[in-house]
Each structure stands twice: as C-alpha cells, then as structure tokens.
Amino acid sequence: MRIPLLVRHPDPSTRTAAADDALAPLPRALDALGRVRALDTVANPLRQAIRAVPLGAARDLLRGHPFGHPLHPALVHLPVGAWLSTGVLDLLPGTRRAATTLTGTGVLAAGPASLAGWVDWSEQHPPQLRTGLVHAACNYLALGLYTASFTARVRGRHGRGRTLGYAGLLTAGAGALLGGHMAYRQATGTNKAEPVPYVAESGWHALGRLDGFPLRTPVHRMLGEVPVLVFRTDEGAHVLADRCSHASGPLSQGTVEDGCVKCPWHGSAFRLSDGHNMSGPATAPQPCFETQVEDGVLAVRLASG
C-alpha cells in the first residue's frame, strides 16, 4: 500500500527577515542605499547648486519636456551602446581603429547624458538622491576608465586600452543596475498620475454644491479613491487629479497663476482647463475631469482620452 507524501508549504507569516535577505539580497542592498543619510552631506548642497544654475528654457529640454518623458535614459544609450560595441570589437582581429573610434565616441556622448541626468536628479526625493549619487559615481568611474582606455589606444597601447575598456564596461554595468533600480524600484521619472484612469470610477459623480467651493482657490476633494483638485471660477469649475504626475506632490496646495496650477514641491505647472503640463520637471500631463452643474451640484467624470 502506497502512503501519499504530504508536502508542507511554508506559512508566509512565519518567514523571518533572514529568509527575506536570502531570497532577495540584491534588491534589499540597493534599497539600503536610499537610507544612507550620510550621503545627504553631499546630495543637499549639490542639489541646490544644480537647481540654481540659470539654464533657462534648456532645463525643460534636458528634462525631456518636449518629448513627453525624461531625456536622460535615451541619451544614455549612446555612450553605453558605443562602449558595449567596443567590447565586442576588442574580441575580433583587425578592429583596433574602429574600437578606438567607438571608445572616444562614448566618452563624448557621456557629457549630454550626464547633464540631463543631473537635472532630473536634482528634482527627486531624498532616497532617490542618495541612490543617484552612487549611480553617478559608478558612471563617472566608468567614464574615467574609458577616457584612460581611449588615451592608451591612441598611444598604441591597445592591450592596456582593452583592459581598461572592460573594467569600464563592468563599472558602467553597475551604474546601469542602479539606474534601473531608480527607475523601476524607486519610480524616478515615471508618470505618477498614470494609474488615475484605471482606478477612477466611470460615469458622473457629484463632488458637492458648487457654491460650497471657495472662488478661485484650489481645494482638495476625494473622488472615490482618487484625490482631485477643484478650482471654482465665475463660469464653473476645473477639476484635475490632485497628485502631480512628476512626484505625487499635492497640487491643491499649490498656487494658481495665468490659468495654471503650480506644484508646491518642484514647480511643475499644469493648465487647469485640460491638465497640459506647461513646464517641468513633470513630463506628463495631469488627468483632467469633465464637469457639469445641475441644480447647483458640481459633478465630474474623467475626460475621455
């Protein structure tokens, strides 16, 4: 007679911190970087210095405002692509000249990518600022190694140039790992308002009597699970999702000028009439709600895309 084998599955509630460390040591280690407050001694003054640089309209360009998403990740493809290609060519015979050219190309392309990265970095929360410093340190170390590699290659020391190049590639890979952690774990540069259309209930919903809202003053209300900003005018009201698409700042605590509301955290400006992002650091518009008034009651529904 065969006795069935009983398999006992572990109870998740009894899992220890040590078990969690064993399951995901790398993500936990990367998360820990965002809690190293000692990095603030460098991050805070550097952040203020970058934000004080008079870049004018170029700041929004570096943020990626004209493109609808951050520019830094796209620019990073240029140096990384050149250096990765160099690593492949260094394995093949007769490619010294091409490898040298690509190494130098990557060094030159790193400048604009770095500039855009610093502009984005200066508008983040403390955990992202701390992780970003280590990310930048890895990238500058990689840049230094590739600069030395290019110099060695130009001087005919191709063996040394290859060694420095592969060291740079490994270091750039570590920087890319941290960049991915910032983008997808810490949500740096992502559109924080993107979930609104999926969690807002469809159809019309009453927010209250129109005369109950102060005139020309942004106020916060809840539409189910979605926080919204209500701005009453002489003709009716404008309603936007309240959490800024850049970093979830409360727009209802911001200021209104020239038909736009400015986020109190980082200064992104959104047009009240349709949620269009007029200036950064936000690169995505703010979800806008249609409004109607019946019997003095303000009702809203999410504007169709």
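Visitor: What makes the backbone oxygen of Glu123 and the side chain of His246 a polar contact?

Guide: The model is predicted. In this model, a polar atom of the His246 side chain lies 3.5 Å from the backbone oxygen of Glu123. The cut-off is within 3.5 Å, for N or O atoms able to donate and accept a hydrogen, so the pair counts.

Visitor: Which side chain makes a polar contact with the side chain of His246?

Guide: That of His266, at 3.4 Å. The limit is within 3.5 Å, so this pair counts too.

Visitor: Why is His246 called buried?

Guide: His246 has a relative accessible area of 9%. Buried means under 20%, so the label applies.

Visitor: Where is His246 found, and which residues does His246 touch?

Guide: His246 is in the loop between β4 (237–241) and β5 (255–257). Beyond four places in sequence, its contacts include Glu123 and His266, as well as Gln124, Thr190 and Lys192. Ser268, Pro281 and Ala282 are also among them.

Visitor: What makes Pro281 stand out in its peptide bond with Gly280?

Guide: The bond from Gly280 to Pro281 is cis, with omega near 20°. Pro281 sits in the loop between β8 (277–279) and β9 (288–294).

Visitor: Back to Gln124. Is Gln124 buried or exposed, and how do you know?

Guide: Gln124 is buried. Its relative accessible area is 8%, and the cut-off is under 20%, so the call follows.

Visitor: Where is the place of Gln124, and which residues does Gln124 touch?

Guide: Gln124 lies in the loop between α6 and α7. Leaving out residues up to four places away, Gln124 touches His246 and His266, plus Arg47, Leu129 and Thr188. Its C-alpha atom is separated by 9.8 Å from that of Trp265, 141 residues apart along the chain.

Visitor: Which backbone oxygen lies 3.0 Å from a polar atom of the Gln124 side chain?

Guide: The backbone oxygen of Asp120. The contact limit is within 3.5 Å, so 3.0 Å qualifies.

Visitor: Turn to the helices. Why are α7 and α8 called roughly antiparallel?

Guide: Helix α7 (residues 126–154) packs against helix α8 (residues 158–185) at an angle of about 165°. Their axes are 8 Å apart. Angles over 145 degrees count as roughly antiparallel, so α7 and α8 earn that name.

Visitor: How many nonpolar, polar and charged residues has the contact of α7 with α8?

Guide: By class, that contact has 15 nonpolar, 14 polar and three charged residues. As for handedness, α7 passes α8 in a left-handed crossing.

Visitor: How do you know that α5 and α6 are roughly antiparallel?

Guide: The axes of helix α5 (residues 72–89) and helix α6 (residues 96–121) cross at roughly 160°. They come within 7 Å. The threshold is over 145 degrees, so α5 and α6 are roughly antiparallel to each other.

Visitor: What is the hand of the crossing where α5 passes α6?

Guide: The crossing is left-handed. The contact of α5 with α6 has 16 nonpolar, six polar and one charged residues by class.

Visitor: Asp90 lies in the loop between α5 and α6. Why does Asp90 count as buried?

Guide: Its relative accessibility is 15%. That value is under 20%, so Asp90 is buried. Outside four places in sequence, Asp90 is in contact with Thr95, Ala99, Arg153, Arg162 and Tyr166.

Visitor: Why is Arg232 called partly exposed?

Guide: Arg232 has a relative accessible area of 21%. Buried needs under 20% and exposed needs over 50%, so Arg232 falls in between.

Visitor: Where is Arg232 found, and which backbone oxygen lies 2.8 Å from a polar atom of its side chain?

Guide: Arg232 is in strand β3 (residues 226–232). The oxygen is that of Phe213. Arg232 also touches Leu215 and Arg216, among others. The C-alpha atoms of Arg232 and Leu215 are 5.1 Å apart, with their positions 17 residues apart in sequence counted as the separation.

Visitor: What is notable about phi of Arg216?

Guide: Phi is near 55°, a positive value in a residue other than glycine. Arg216 is in the loop between β1 (205–209) and β2 (219–223).

Visitor: What makes Asp258 exposed?

Guide: Its relative accessible area is 73%. Exposed means over 50%, so Asp258 qualifies. Asp258 is in the loop between β5 and β6 (260–262). Its phi is near 55°, positive in a residue other than glycine.

Terms used: Residues numbered from 1 in each chain as written. Predicted model: local features only at pLDDT ≥ 70, side-chain atom pairs only at ≥ 80, totals over all residues. Heavy atoms only, no water. Helix = DSSP H or I, 4+ residues; strand = E, 2+ residues; numbered from the N terminus. Buried < 20%, exposed > 50% of the residue type's maximum accessible area, 1.4 Å probe, protein only. Contact = heavy atoms within 4.5 Å. Axes fitted to C-alpha atoms, helices over the stretch in contact; angles between N-to-C directions. Parallel < 35°, antiparallel > 145°, perpendicular 65-115°, else oblique. Left-handed = near helix turned anticlockwise from the far one by under 90°. Nonpolar A, V, L, I, M, F, W, Y, C, P; charged D, E, K, R; others polar.
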